[in-house]
Amino acid sequence: MRIITLKEGDFLVNKNKEFTLLSEAVDLEGIRMSIQSFLVITDEDYIVLDGGNGWKNDRKLVVEQLLDQENIDRTEITKVLLSHVHKDHVDGLFLNTNSSELTFPNAEIYIQKREFDYALTQIGNPSFDLETLKRLENLPNIHWMEEDKGFIAPSISYEVTGGHTPFHQVFWIKENGETIFMAPIISRSIRILNFTLPTKVISTEKKQKNCDKSGRNKPKKKIGAFSCITI
C-alpha cells in the first residue's frame, strides 16, 4: 500500500471556526492546526481519508494540486471515508462552496449516519457547515454506516469511538500483511480503543516529532487534525 499526504496547510482557527493561513495570521488569536487528508492506494482502490476544508490556491483546490503532482486525477478516487463531519473534514468534498460538483465524482462516500444526524441538530455551531451537509445528504453515492463496527470491504473495517464528536469513527485498511490505521484525533482514539500505538506514524508533520520512543503522544503546541499509522 502507498500513503500520500494531502496537506492543505497550517492554519489559525478562531472561536468562530474561521480558518486563516498561519503565514497570514498577524496579531490574531486562535488554535494552530494543520489540515490534511490522506490518500491510500491499494491494489483495489484509491481511498481518501476525510475531505479536508476545500482550501484553494490560485483558485484551485490544494488537494487537487497535490494529486496532480502525483499524476493522479481526482476522478480516479474510488472511496472517501469520513471520520466525522466537522466542516474542515467535509467542505473539500465539493469543488466550490455553492456548487454541487463533487471533488471526487466517481468515489463512494462513507458516512456514519448517527454522526450526520447529530450534526444536523447543531444549528449555530460553527464547527459544522449545515449547507454542505444538506448538499451531501441526497447524493446517490453516499453509503450510510449505522453500526458501531463493521466492514466497508473485506480489507477495510471501521469502529465508532466517539470522543471528538459523539459518533466519530476510525478505520483499518489491511493488505498483503500490512495494516494502516486512521484516526481523526489519534491520542483520544488510541485511549478509547486501548491498544499500543506503533512507532511508525505519519502525522501532521509527516514525522514522529510528537511521539516518544514508546509511541505515546508528547504535549505539543500544534494540533493535528488527522493521523495515519502503519502497523
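**Reading a predicted fold, one feature at a time**

A: Let's start with helix α4, residues 130–137, where L130, T132, L133 and L136 are buried. Keep in mind that this is a predicted model.

Q: Okay, how do I read that pattern? Why do the buried residues end up on the same side of α4?

A: General idea first: an α-helix has 3.6 residues a turn, so residues three or four places apart point the same way. Now the case here: the buried residues of α4 span an arc of only 155 degrees around the axis, which puts them on the same side of the helix.

Q: And what do the buried residues of α4 pack against?

A: Their neighbours are α2, β8 (108–112), α3 (113–120) and β9 (142–145).

Q: Which residue caps the N-terminal end of α4?

A: For a cap, look for a side chain that reaches a backbone nitrogen at the helix end. In α4 that residue is D129, with a side-chain oxygen 3.2 Å from the backbone nitrogen of E131.

Q: Let me zoom out. How many helices and strands does the chain have?

A: Five helices and 16 strands. The chain has 231 residues, and 53% of them count as buried. About 11600 Å² is exposed, with carbon and sulfur atoms supplying 45% of that area.

Q: What do the contacts say about sequence separation?

A: Take the contacts between residues at least 6 apart in sequence: 64% of them join residues at least 24 apart.

Q: With strands, where should I begin? In which sense do β1 and β3 pair?

A: Ask about the sense of the pairing, then the number of bridges, then who sits opposite whom. Strand β1 (residues 2–13) and β3 pair in the antiparallel sense over 11 bridges, and F11 has M33 in β3 as its bridge partner. β1 also runs antiparallel to strand β2 (residues 19–21), with three bridges joining them; there V13 is partnered by F19.

Q: How many residues lie between the strands in the hairpin of β1 and β2?

A: Five, and K17 in this hairpin takes a positive phi near 60 degrees. There is another hairpin to look at: β3 and β4, with four residues between them. Strand β3 (residues 31–41) and strand β4 (residues 46–49) pair in the antiparallel sense over four bridges, and L39 has V48 in β4 as its partner.

Q: Is the pairing of β4 and β7 parallel or antiparallel?

A: Parallel, over three bridges. V48 turns up again here, standing opposite V80 in β7. So V48 of β4 is a handy residue to click on: it partners L39 and faces V80.

Q: On to rings. How many aromatic pairs does a search of the whole structure find?

A: Five. To read one, take the centre-to-centre distance and then the angle between the planes. Y118 and F128 come out edge-to-face, at 6.1 Å centre to centre and 75 degrees between the planes. This pair links distant parts of the chain, with Y118 in helix α3 and F128 in the loop between α3 and α4, 10 residues apart.

Q: Is F128 buried or exposed?

A: F128 is buried, because its relative accessible area of 7% is under the 20% cut-off. Y118, at 27%, is partly exposed. Next, W172 and F181 make a tilted pair, 5.3 Å centre to centre with 45 degrees between the planes, and both are buried. Ring pairs also link F11, F19 and W55 into a cluster.

Q: Can we finish with polar side chains? Where is H84 found?

A: Check burial, then look for partners. H84 is in the loop between β7 (79–81) and α2 (87–90), and is buried with a relative accessible area of 1%. Its side chain has a polar contact of 3.5 Å with that of H86 and one of 3.4 Å with that of H89. The C-alpha atoms of H84 and I111 are 7.5 Å apart, though 27 residues separate them along the chain.

Q: And D148: which residues does D148 touch?

A: Not counting residues up to four places away in sequence, D148 touches R114, Y158, E159 and V160. With R114 there is a side-chain polar contact of 2.8 Å. D148 lies in the loop between β9 and β10 (149–153) and is partly exposed, at 45% relative accessible area.

Note on methods
Residues numbered from 1 in each chain as written. Predicted model: local features only at pLDDT ≥ 70, side-chain atom pairs only at ≥ 80, totals over all residues. Heavy atoms only, no water. Helix = DSSP H or I, 4+ residues; strand = E, 2+ residues; numbered from the N terminus. Buried < 20%, exposed > 50% of the residue type's maximum accessible area, 1.4 Å probe, protein only. Contact = heavy atoms within 4.5 Å. Areas by Shrake-Rupley, 256 points an atom, 1.4 Å probe, with all protein chains shown as cover. Polar contact = N/O pair within 3.5 Å; in protein donor to acceptor, adjacent residues only side chain to side chain. Arc of directions from axis to C-beta. Pairing = 2+ DSSP bridges. Phe/Tyr/Trp six-rings, centres within 6.5 Å; stacked < 30°, edge-to-face > 60°.
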